[in-house]
There are 2 protein chains.
Amino acid sequence: MALIVHKYGGTSMGSTDRIREVARRVAKWSRAGHRMIVVPSAMSGETNRLLALAKELAPASSTPQTERERDMIAATGEQVSVGLLALALQAEGVPAVSYAGWQVPIRTDSAYTKARIESIDDTKVRADLDDGRVVIITGFQGIDAQGNITTLGRGGSDTSAVAVAAAMNADECLIFTDVDGVYTTDPRIVPEARRLHTVSFEEMLEMASLGSKVLQIRAVEFAGKYRVPLRVLSSFTPADIPIDEEACSGTLITFEEKLNMEQAVVSGIAFNRDEAKISLIGVPDRPGIAFQILGPVADANIDVDVIIQNISHEGKTDFSFTVHLNDYAKAMELLRSKVLPLTGAERMAGDDKICKVSIVGIGMRSHVGVASKMFRTLSEEGINIQMISTSEIKTSVVIDEKYMELAVRALHKAFDLEQGLI
Amino acid sequence: MALIVHKYGGTSMGSTDRIREVARRVAKWSRAGHRMIVVPSAMSGETNRLLALAKELAPASSTPQTERERDMIAATGEQVSVGLLALALQAEGVPAVSYAGWQVPIRTDSAYTKARIESIDDTKVRADLDDGRVVIITGFQGIDAQGNITTLGRGGSDTSAVAVAAAMNADECLIFTDVDGVYTTDPRIVPEARRLHTVSFEEMLEMASLGSKVLQIRAVEFAGKYRVPLRVLSSFTPADIPIDEEACSGTLITFEEKLNMEQAVVSGIAFNRDEAKISLIGVPDRPGIAFQILGPVADANIDVDVIIQNISHEGKTDFSFTVHLNDYAKAMELLRSKVLPLTGAERMAGDDKICKVSIVGIGMRSHVGVASKMFRTLSEEGINIQMISTSEIKTSVVIDEKYMELAVRALHKAFDLEQGLI
């Protein structure tokens, strides 16, 4: 019998009726003889409610002290969830026990609101599993070396689930969500989008980082690092569907190279409109300039996504990067006050009305001309490309936000994603 | 400068505006140079909301496992409060840090939902105070030896505040509530009721145990045991009233004998309609019978209040006691199934339509005839007394619930509580 981790999102935990449904689903897996760990999110809306209260009372500027309190408040959402789910399982006749992150403990660094998991102690959890209990662990949070509660940031429950699966050496980690798997692109934008039965870990990593909201990127990274088999599947199927059927549903994230000759070159189209673009123009092109620009940004805990520096002319270059929309104002202010004066750049510019569209596929490694097909497709639609960035298995472009849907539909069609099988 | 503990109830913490008001009040004390610890309750309604969710999902019968989860859920209410208050103080420019009970830690036994505090580690808190921070600690909860979250039961935040004050050797513990002090009786029943400027610890203990809802009895016990000066005062005065005025308001619970010759014989009339009466009739009067009856009740964690056993006739006696209304059904069932068959009692009877009315006063020690004046007063009103129980400084009677208000008003008048000064 296998050791299985289930993760349920906020919608799945959205009401006592839904929680009862989760309990029935977990009970089914437990009764089939599996050793079960469950990581539920806060009830939908709860984290927002808590953070709104915190925001009302918070001082104007955020400090480690204010962020510590914000985590103290936000972490309670999941604590309520685990207790409620434990009660619902007990009502189903299944022994269950809940733990907050600090009780396991799940140890993190001290980067409040964005903490990273450092280690997970499996002693307590293993003892409970040996005693036949389902163990329910809060997602999204842990404890730092000083005993403070930390949170992992939005979507952190996925990461918690995968990290727990890795620490426990689980056989599979099932992420139950409100979608039934990973699609070639967002079906709300391209109705012909198709669900992938399997997707490679690397493709998923690119999909996640590019804004496919199915899985948090850090969760995918963790899964890759520790080779945790990960499955994304729907929590909206009836709780009593046969377990064999459920175990094969959704999309499995695999670690094997696909050997199928029919392998599509491109597996999916990802997009993201939550980014903003910042450029420093006329930067003296000298060694260390990239660090001089991005060092302070990293110190301020702002994640940078695309980074582009083109060849220089007359000793000057332009340096561009993208950040999350939420960090845009903070990043602009930081550059204006601290970076611009030091670098000797001529000026800076920002644009928060952009989007990023990417084609992703393992097959791109061995197929030439994929990027150029992308550029031609966009050109035929009259869409101007502002930035280009590539990796082995993806090509991303930054374009005007208003062309996003047009670009995604055109690319989905151009790469034949509506048809065929994986 | 003194070390002061403030405790704020759920109403005081009822909204972000009210929390801001609490922050301003605490900031005033902090700026006056006092070292401040604050113990807030959950926002009003929050604990009920959480327990209602838990109840919806809980199995039919409660076990240590279900009660553990209930505590896990309920404890989050205070955790949100401390974080919000810390943010509000920081916004006021006052350094502040919040701790959940387990972080301090406040160590308790493992009696979930009714845990008792065993010890409080003052290391962290003292270090923060030394660094000039206001320390905010969750009321109502702690951690047991196995690392589980426990709660102290309803009203437990008072107890937490006093226990923290005792552990820290605080100069005074101020309990801010929605009443402005301790009255001779409930002003809603007797409009002429008068606020006491001081009340002795022993009187307060009797008042609290008799149902004056101002302070939780365990809080008063703790204050007595560790000689913590305790003041009950209003949180509805403006936050910016002069600190000297605020420091003398409300009712101070004192440990000195009052030497005033004018000392009233009776300080107050307490009452309680949250009790039910249970009698075993025709119990064979043999050694160990009281333990045989009440042992199982205590084992079931049911608190017994009044206990009466009268002299026996023909080797048989009647044995009566009162329990909280919430425990009535459980206690009756327990007696019926486990106790009645063993004791050989003829039958049992229960009544949940009773109330207890008590007169309380240190002066009763040295004045005879106080009890008889009470009985005469009730007799003149035609009120039948069902049970009588006395201690050094109080006399309690159990009467029909419907006569409660009449009895309280008559006694308040008979003992001249409307007039004079303390």
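Biologist: In which sense do β21(B) and strand β22 (residues 394–400) of chain B pair, and over how many bridges?

Modeller: Strands of a sheet pair through backbone hydrogen bonds, either parallel or antiparallel. Here the sense is antiparallel, with 6 bridges; one of the partnerships joins Ser391(B) to Lys394(B) in β22(B). Two strands count as paired if DSSP finds at least two bridges between them, and the elements are DSSP runs numbered from the N terminus: helices (H or I) of at least four residues, strands (E) of at least two. This is a predicted model, in which local features need pLDDT of at least 70, side-chain atom pairs count only at pLDDT 80 or more, and totals for chains, interfaces and linings use all residues. Residues are numbered from 1 along each chain as its sequence is written, while chains are lettered from A and ligands numbered from 1 in the order in which they are written.

Biologist: What is the strand order of the open sheet of 4 strands in chain B?

Modeller: The order is β15-β20-β22-β21, with antiparallel pairing. The edges are β15 (268–272) and β21 (385–391) of chain B, each pairing on one side only. From one strand to the next, the twist averages 20 degrees.

Biologist: Which strands does helix α12 (residues 370–380) of chain B touch, and which does helix α13 (residues 404–414) of chain B touch?

Modeller: Contact requires C-beta atoms, placed from the backbone, within 7 Å. Angles run from 0 to 180 degrees between N-to-C directions, with axes fitted to C-alpha atoms, for helices over the stretch in contact. Helix α12 of chain B packs on the sheet against β20 (354–360), β21 and β22 of chain B, at about 20 degrees to β22(B). Helix α13 of chain B also packs on the sheet, touching β15, β20 and β22 of chain B, at about 10 degrees to β20(B).

Biologist: Which residues touch the most other members of the largest nonpolar core?

Modeller: In soluble globular proteins, nonpolar side chains tend to be buried together. A nonpolar core is a set of buried Ala, Val, Leu, Ile, Met, Phe, Trp, Tyr and Cys residues joined through C-beta atoms within 7 Å; buried means 20 or more other C-beta atoms within 10 Å of a residue's own. Among 250 residues, Leu85(A), Val164(A), Leu85(B) and Val164(B) lead. Beyond four places away in sequence, Val164(A) touches Val5(A), Ile37(A), Val39(A), Ile120(A) and Ile137(A).

Biologist: What turn and shift lay chain A on chain B?

Modeller: Superposition is by least squares on the C-alpha atoms of residues with pLDDT of at least 70 in both copies. A turn of 180 degrees and a shift of 0.0 Å along the axis give an RMSD of 0.1 Å, which is the relation of a two-fold axis. In chain A, the C-alpha nearest the axis belongs to Thr76(A), 2.8 Å from it.

Technical notes. Buried ≥ 20, exposed ≤ 12 C-beta atoms within 10 Å, placed from the backbone. Contact = placed C-beta atoms within 7 Å.
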